[in-house]
Each structure stands twice: as structure tokens, then as C-alpha cells.
Amino acid sequence: MFKFPSIAFIGGGNMANALVSGLLNQKCPSENLHVIEVADTLREQWSAKNISTSSTPDAGLTNKKVWIFAVKPQQMKEVVLACKPWLSSDTLVISIAAGISIGSLASWLGSDESPYQNVVRCMPNTPALVGAGVTGLAAPLGLSLQDRDTATNLLSAVGQTVWVEDDRAIDAVTALSGSGPAYVFLFIEALIQGGESLGLTAQQSKELALATLAGATKLASNSSEPPSTLRERVTSKGGTTAAALAVFQDSKFVHIVSEAMRAADLRAAELSKEFGA
Ligand SMILES: NC(=O)C1=CN([C@@H]2O[C@H](COP(=O)(O)OP(=O)(O)OC[C@H]3O[C@@H](n4cnc5c(N)ncnc54)[C@H](O)[C@@H]3O)[C@@H](O)[C@H]2O)C=CC1
Ligand SMILES: O=C(O)[C@@H]1CCC=N1
């Protein structure tokens, strides 16, 4: 069985909250967890959950086997450098920050000549809060198998994990599953509004929309057939679905989704330039 290491979260906001909830659900002892968070109100919330907290990095970090950076990309460099004095040669450093490359993390924690190797860059998503997240992970070639397994086990506490090749692939993961829940929520909002405009109540629309998404997702997951076949099976010739899909097609829905993802991918690359090494 996986033995949970001691873990420090640096940044105790939304995503740290989702990851810690998942770890606790997987029976990670709360004594193994520590959160460094600048906001007083959030520190109080962590204390109320029996998680130790502090406002700034200090020598206590040296004893933590894993550091998980969960601050905004804009703050990453400053925060990583503030923690660096307490880095041990075997600390596993995991970052969930969008756009911040493995190269930036490795050079901030080591140097340009000798980049720090025990680094994992990953991209979880907010369904982690309910144990249904998916996380893409990437690491430098020098990362040990043991650290790779540790990262996999920790992120598996909140859902599925998918290892990818490199930073560019993590930007793509960000554009798909990192930001993806927001696209899905937008679609849910649109279905609810559409239902209401056709005379259903808000409550009826919400129930129908959520069950439709959950049901279609389950069917697509359990089926050996591709989503396109499942779509065709709903679509009777000359029927209602065909009428609706024609509107999607006229509005270039597939192109819009692809362009939206391209914008997210591009933004990740910009964040890397603006806030990376
Ligand atoms: N929200 C999302 O859906 C996802 C976010 N991410 C990434 O996760 C990171 C965190 O995002 P969220 O949790 O949504 O943001 P958040 O704003 O909820 O959390 C960040 C926390 O860091 C704290 N903080 C700022 N400076 C600090 C410092 N010097 N020391 C300690 N704590 C400090 C803030 O007070 C805040 O509570 C970002 O880099 C984002 O790109 C990754 C996957 C999904
Ligand atoms: O919007 C963002 O930048 C972060 C990364 C993925 C989801 N939220």
C-alpha cells in the first residue's frame, strides 16, 4: 500500500483545497499535511480542518518530502525562490501552476547550469473536489521512478492521472481538461437557459441538463463505439436532433471549441514567457 509522505502545500486556495480533500478521503493522515497560505481567513479555514498552517515558508519545509506549489503563475517565481533555502536534495517538487514550465522550475530550484531534477509539472482540474478529477503530468528525464510513482499516487487521490511527454503537452492538457470544466459548465448553463426559454422551470431544466450530461458521459465511457457513432444513433433522419445539430454546424460549433482550446494553449505559452525563467 502507498505510504503517504509528508507534504507541504504552498498556496492554500481552491486547488489546494480540492487536492487536500482528496488526500484526506484516501486516508492520508492530516498530520502529514501542511499548508503555507498568506490569507488569514484561509489559514483559519485550514486550522478548522485540523491542517497545520503558516503564512510564510520556514525551516519546517526541510522535513517535508513533497512540496506542492498551488499559487497563481504570476506568483510562482517569487514563491519558489522564497522556499528554495529549505530544499533538500531529495525533495519532490510538484507544481500545478498553468504555464510555468519544467525548465523554469528546475532552474529556479537549481541553477541554469545545474537544473533541479526532482520536479513534476502537472495540471489537475476542479472535479478533483469530488474525486472525479483528471490530471496530466510531465517530468524531466532525470526524475526517479520512485518520485514518478509518488506523484502518480498523490494525484490519483483526486481522480485519474495521465502522463504526457513534455511542457507543450501539459499546455494542451490545460486547454482540454484543466480549463475544460469551465467549458462544460458553460454548456450546462446554456442548456438550462434553453430549457427555460422553452417553458421549463429552472429546476426542471437543471435536473434534465445535468442528468443528460452525466448519462451521455457514462454511455460514451462504457461504449466501445466512438462518440460520433453514439451521436448518429440519437439523430433520426428528418428528426429533432438533426434540426438542432444543423444549427450547431451552421454556427461552426466544432471550430469554436477548437479555437477556444487554441486560445487557452496560447495563453499558457504566454504565461510561460511572462512569468517563467
Ligand atoms: N482553478 C483551476 O481550475 C485550476 C488551477 N490550476 C492552477 O492552480 C494554481 C492555483 O489556482 P487556484 O487554487 O485556483 O487559485 P487560488 O487563488 O484559489 O489559490 C492560490 C492561493 O495562493 C495564495 N498565495 C498567494 N501568494 C502566496 C504566497 N506568497 N505564499 C503562500 N500562499 C500564497 C493565495 O492567497 C491563494 O489562496 C494556479 O497556478 C492555477 O494555474 C491548475 C488546475 C486547475
Ligand atoms: O484558468 C486558469 O488559468 C487555470 C488553469 C486551468 C484552469 N484554471
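Which residues in α3 meet which residues in α4? The legends below take up this contact after an overview of the chain.

**Figure 1. Overview of the predicted model and its two domains.** The structure shown is a predicted model, in which the protein chain averages a pLDDT of 96 and 100% of the residues score at least 70. The model as a whole scores ipTM 0.98 and pTM 0.95. Along the protein chain, residues 7–165 make up domain 1, while residues 180–268 make up domain 2, and the C-alpha centres of these domains lie 34 Å apart.

**Figure 2. Close-up of the crossing of helix α3 and helix α4.** Two packed helices are described by the angle between their axes and the distance between the axes. Helix α3 covers residues 73–83 and helix α4 covers residues 102–109, and their axes come within 9 Å of each other while crossing at roughly 35°. The crossing in which α3 passes α4 is right-handed.

**Figure 3. Close-up of the residues in the contact of α3 with α4.** From α3, the residues K77, V80 and L81 take part, and they meet L105, W108 and L109 in α4. Divided by kind, the residues of this contact are five nonpolar, no polar and one charged.

**Figure 4. Close-up of the surroundings of ligand 2.** Around ligand 2 stand the residues A98, T174, G178 and S179. The shell that these residues form around ligand 2 holds one nonpolar and three polar residues, with no charged residue among them.

Note on methods
Residues numbered from 1 in each chain as written. Chains lettered and ligands numbered in written order. Predicted model: local features only at pLDDT ≥ 70, side-chain atom pairs only at ≥ 80, totals over all residues. Domains from an automatic or database assignment. Near = placed C-beta within 6 Å. Nonpolar A, V, L, I, M, F, W, Y, C, P; charged D, E, K, R; others polar. pLDDT = per-residue confidence, 0-100. Axes fitted to C-alpha atoms, helices over the stretch in contact; angles between N-to-C directions. Helix = DSSP H or I, 4+ residues; strand = E, 2+ residues; numbered from the N terminus. Left-handed = near helix turned anticlockwise from the far one by under 90°. Contact = placed C-beta atoms within 7 Å.
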